[in-house]
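Please open the model in your viewer and keep the sequence panel beside it. The stops below can be selected one after another.

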Amino acid sequence: ASRVSLREFFPQSHIFGSQDIRVTSCCDEARRCRPGDLYVAVSTAAADGHDAVDEALHRGAKAILAERQLPVDAPVCVVPDSREAYGRLCQRLAGDPSGRMRTVGISGTNGKTTTAWLLDSIFRTAGVRNGLISSLAHSDGLDREAAVRTTPPARELAAWLARMAGHDCGSAVVEVSSRALAERRTAGVEFDVAVMTNVRRDHLDYHGTIFNYRRVKSRLFEHLKPDGAAVVNADDPASKFVLRHLDRPVLTVGMHTPAELTARVIERHPCEQTFLLTAGDETAAIQTRMFGDHHVYNCLCAAAVGLLMGLPLTVIARGLESLDTVPGRLEPVVAGQPFGVFVD
């Protein structure tokens with residue numbers, strides 16, 4: 001594991017009780033602290049980690065990262081936002097894996113998972129080993145495990161990305177929930193491409209207002225690498241709000257509004273559809289077993305990422321066509337019955 005100097009890594013921080021704190025491991029759960037860990041006091045809706053400092057020290061934590069000075073007999077590093085600091089530190093201790101792969105972040109109310117799986121299919125078709133973090137499964141390029149939540153907590157996310165980089169993945173696709181953005185779980189992760197599928201009036205119980213929700217969603221673009229680009233749905237009203245505040249290269253997709261990447265459905269049947277995908281002066285006819293306008297939008301978003309990654313449209317089209325179903329996403333049940341049945 002890397003060794004990190006908190007004085008160098010967080011130059012704006014204040015360190016009490018020591019000149020510097022050097023760490024090789026960190027933990028944000030007091031009861032899980034191991035000897036030598038840096039304990040990071042994080043406040044969540046459920047509890048304030050600053051109240052559990054004594055337990056962390058009792059379990060062997062050697063220093064504390066917190067948002068305020070604490071009356072403890074151990075060095076304390078004080079930062080303005082301990083969740084942000086924890087995410088960045090987890091990524092640094094894991095060797096900043098997102099910098100060693102072409103990394104894609106996908107957020108939005110609907111379509112994240114299918115877009116992530118379509119991209120996984122495109123990369124595989126292109127012969128690129130791909131890592132995947134999605135609400136259905138996480139894959140490190142070799143092994144696949146069922147997912148507990150869409151975006152894992154910061155330390156787990158860093159470990160997954162490190163495994164992908166260690167397995168020579170050329171790309172990594174990360175589905176990023178609005179909750180993960182609000183909780184800064186992706187802090188320290190950098191994306192080559194950030195995709196916003198759409199923004200609906202969802203999760204307002206957690207975010208309070210639609211404005212808060214949109215603001216949190218646009219946080220995704222703060223994770224772009226210096227030469228990174230965004231993919232945005234031009235037909236989505238809330239995306240206009242996002243575009244106004246974005247000073248990055250943007251590739252727009254749409255079916256009704258003028259956009260750089262467009263699609264037109266030419267044939268639709270109960271279990272398949274064919275649409276024309278047009279990028280500049282190139283057009284490809286794509287026949288897919290999944291149907292509905294929402295699926296065309298997912299295909300547009302995935303295709304836009306493929307083009308930004310320099311893949312030919314023919315390879316992208318093959319990748320889109322070779323994904324027949326995504327488990328539980330309008331998944332057809334075909335048993336010879338004279339009517340359609342879908343698991344959604």
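A charge is taken to sit over a ring if NZ of Lys or CZ of Arg is within 6 Å of the ring centre and within 35 degrees of the ring normal. With that in mind, and remembering that this is a predicted model, select arginine 144 and tryptophan 117, where the arginine lies over the face of the tryptophan at 5.1 Å from the ring centre. Then move to arginine 88, which lies over the face of phenylalanine 9, at 4.9 Å from the ring centre.

Next, colour the strands β2, β7, β6, β5 and β4, which in that order form an open sheet with mixed pairing. At its edges you will find β2 (14–16) and β4 (26–27), each of which pairs on one side only. Within this sheet, select residues 38–40 and 63–66, that is, strands β5 and β6, which pair in the parallel sense over 3 bridges; here tyrosine 39 stands opposite isoleucine 64 of β6.

Now turn to the open sheet of 11 strands, whose order is β11-β10-β9-β12-β8-β13-β14-β15-β16-β17-β18 and whose pairing is mixed. Its edges are β11 (144–146) and β18, and because each has a single partner strand, one side of each is left without a neighbour in the sheet. From one strand to the next the twist averages 20°. Select β15 (residues 250–254) and β16 (residues 261–269), which run parallel and are joined by 2 bridges, with threonine 262 in β16 as the bridge partner of glycine 254.

Two helices can be shown against this sheet. Helix α10 packs on it, touching β8, β13, β14, β15, β16, β17 and β18, and its direction makes about 140° with that of β16. Helix α5 (residues 154–166) lies across β9, β10, β11 and β12, running at about 165° to β9.

Stay with α10 and select residues 293–308: is this helix largely enclosed or not, and why? Of its 16 residues 12 are buried, so α10 is largely enclosed by the rest of the structure; among the buried ones are His295, Tyr297, Asn298 and Cys301. Just after the helix, glycine 310 takes a positive phi of about 85°.

Finally, of the 2 aromatic pairs in the structure, select phenylalanine 291 and phenylalanine 342, which meet edge-to-face at 5.3 Å centre to centre with 65° between the planes. Phenylalanine 291 lies in the loop between β18 and α10 and phenylalanine 342 in strand β20, so the pair ties together parts that are 51 residues apart in sequence. Phenylalanine 291 is partly exposed, with a relative accessible area of 21%, and phenylalanine 342 also counts as partly exposed, at 31%.

Terms used: Residues are numbered from 1 along each chain as its sequence is written. This is a predicted model: local features need pLDDT of at least 70, side-chain atom pairs count only at pLDDT 80 or more; totals for chains, interfaces and linings use all residues. Side-chain values use heavy atoms; hydrogens and water are left out. Two strands pair if DSSP finds at least two bridges between them. Helices (H or I, at least four residues) and strands (E, at least two) are DSSP runs, numbered from the N terminus. Buried means under 20% relative accessible area, exposed over 50%, partly exposed in between (1.4 Å probe, protein chains only). Rings of Phe, Tyr and Trp (its six-membered ring) pair if their centres lie within 6.5 Å; planes under 30 degrees apart count as stacked, over 60 as edge-to-face and the rest as tilted. Axes are lines fitted to C-alpha atoms, for helices over the stretch in contact, and angles run from 0 to 180 degrees between N-to-C directions. Contact means heavy atoms within 4.5 Å.
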